[in-house]
Amino acid sequence: MTRPAAIPVFDPLVRLTHLLFLVGVPAAWFTRHARGSWHEWIGYAVLAAVALRLLWGVVGSRHARFVSFVRGPKATLRYAQQVRRGEATRYPGHNPLGAWMILALLSTLLVISLTGWMFTTDRWFGIGWVISTHEYATWILFALIPIHVLGVLHASWAQRENLVASMIHGNKPDHSADAS
Amino acid sequence: MKLKIVLFLALITGAAPVFATGLATCDSGDPATWQSKEALTEKLTKEGWEVRLVKEDGGCYEVYAMDKDGNRTEAYYHPVTFEPVPIEGDH
């Protein structure tokens, strides 16, 4: 059996923004009560990364664009049933469940970083619901992250490929008969 | 629908979990002996502050306010004496 050829899937901007979330989220968490403005600057970096990724999801490379991987609820449910039966279609880019996780993670990060920024302005400083939203959205993020990681591990196992490595070097093994 | 949203927001705002940040701690005993948040708000308002929020943190009252010069200010007060409490590690 020959090793399948590698095809580039995750472009450098996708990987860079992912890396920024991976580093930025724990860094922001551990500096949340620290002296100085580390927490704020990390937050701005994450906000910039979210904005960049959302824009890239419209104008970026093939597998970065949301239209290339986000499916409707029906198709996503059908895919979820395939996964449960252990006969999921392989997608060269993100699979439909991963797609919704990406949207959930990005929108949660957006809410957290926007409310965080609002708190540094005279207009929104000390406003109760701004703090609460910042905190609750953080707990939602911390609930989503383990599901995201489990999903990646499960898909890696089910499709016999290393998706964690793919998010580092950007390539995936080329399988014919993939869904688009 | 609007009412529902307002109720929901009021609920999540009021139910915000109380976590100690470790920025300040007060040996303030039984909360039944504390003065009210409203009393602290009133005191600070008289001193020219625009109090935005009073929370409990580490047995102290944590105040978010605009001070009389319009600066964003976060300050801690002992809930019984209303003495200002310095933020730890901030000298």
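Okay, a definition to start: two strands count as paired if DSSP finds at least two bridges between them. Keep that in mind for chain B, and keep in mind too that this is a predicted model.

So, chain B. Reading along the sequence you get α-α-β-β-β-β, that is, 2 helices and 4 strands. The strands form an open sheet in the order β1-β2-β3-β4, with antiparallel pairing. Which strands stand at the edges? Those are β1(B), residues 50-57, and β4(B); each has a single partner strand, so one side of each is left without a neighbour in the sheet.

Let's walk across the sheet. Between β1(B) and β2(B) there are 7 bridges, and the two strands run antiparallel. For a couple of landmarks, E50(B) has M66(B) of β2(B) as its bridge partner, and V54(B) sits opposite V63(B), again in β2(B). The hairpin that links β1(B) and β2(B) has 2 residues between the strands, and G58(B) takes a positive phi there, near 60 degrees.

Next pair over. β2(B) covers residues 60-66, β3(B) covers 72-77, and 6 bridges hold this antiparallel pair together. If you want to check the register on screen, look for E62(B) with Y76(B) in β3(B), and Y64(B) with E74(B), also in β3(B). This hairpin has 5 residues between its strands, with G70(B) at a positive phi near 80 degrees.

Then the last pair. β3(B) is joined to β4(B), residues 84-85, by 2 bridges, antiparallel once more. Remember the opening definition: at least two bridges are needed for a pair. Y76(B) turns up again here, since its bridge partner in β4(B) is V85(B). The hairpin between β3(B) and β4(B) has 6 residues between the strands, and F82(B) lies in that loop. What is the phi of F82(B)? About 60 degrees, a positive value, although F82(B) is not a glycine. As background, most residues other than glycine have a negative phi. As for burial, F82(B) has 15 C-beta neighbours inside 10 Å, so this residue counts as partly exposed.

What packs on the sheet? Helix α2(B), residues 37-46, does, and it touches β1, β2 and β3 of chain B. The direction of α2(B) makes about 145 degrees with that of β1(B).

Two totals for chain B before we leave it. Buried residues make up 18% of its 91 residues. And if you take contacts between residues at least 6 apart in sequence, 46% of them join residues at least 24 apart.

Over to chain A, and to helices. Generally, a packed pair of helices is described by the angle between the axes and the distance between them. For α1(A) and α2(A), the axes come within 9 Å and cross at roughly 150 degrees. The cut-off for roughly antiparallel is over 145, and therefore α1(A) is roughly antiparallel to α2(A). From the α1(A) side, the contact residues include L13(A), T17(A), L20(A), F21(A) and G24(A); from α2(A), they include I42(A), G43(A), V46(A), A49(A) and W56(A). The crossing itself is left-handed.

Now compare α4(A) with α5(A). Their axes are 8 Å apart and the packing angle is about 120 degrees, which means α4(A) is oblique to α5(A). Where do they meet? A75(A), T76(A), Y79(A), A80(A) and V83(A) of α4(A) come up against P96(A), L97(A) and W100(A) of α5(A).

Let's stay with α5(A) for a moment. This helix runs over residues 96-118, which is 23 residues, and its first and last C-alpha are 33 Å apart, close to the 33 Å expected at 1.5 Å a residue. Among its buried residues are P96(A), L97(A), L105(A), T108(A), L109(A) and I112(A). What do the buried residues of α5(A) pack against? Four stretches of chain A: α1 (12-30), α2 (38-59), α4 (73-85) and α6 (128-159). For the spacing, recall that an α-helix has 3.6 residues a turn, so residues three or four places apart point the same way.

One last stop: R160(A), in the loop between α6(A) and α7(A). Its phi is near 55 degrees, positive in a residue other than glycine. Buried or exposed? R160(A) has 9 C-beta neighbours inside 10 Å, so R160(A) counts as exposed.

That's my tour; happy to go back to either chain.

Conventions. Residues numbered from 1 in each chain as written. Chains lettered and ligands numbered in written order. Predicted model: local features only at pLDDT ≥ 70, side-chain atom pairs only at ≥ 80, totals over all residues. Expected span 1.5 Å × (residues − 1). Buried ≥ 20, exposed ≤ 12 C-beta atoms within 10 Å, placed from the backbone. Contact = placed C-beta atoms within 7 Å. Axes fitted to C-alpha atoms, helices over the stretch in contact; angles between N-to-C directions. Parallel < 35°, antiparallel > 145°, perpendicular 65-115°, else oblique. Left-handed = near helix turned anticlockwise from the far one by under 90°.
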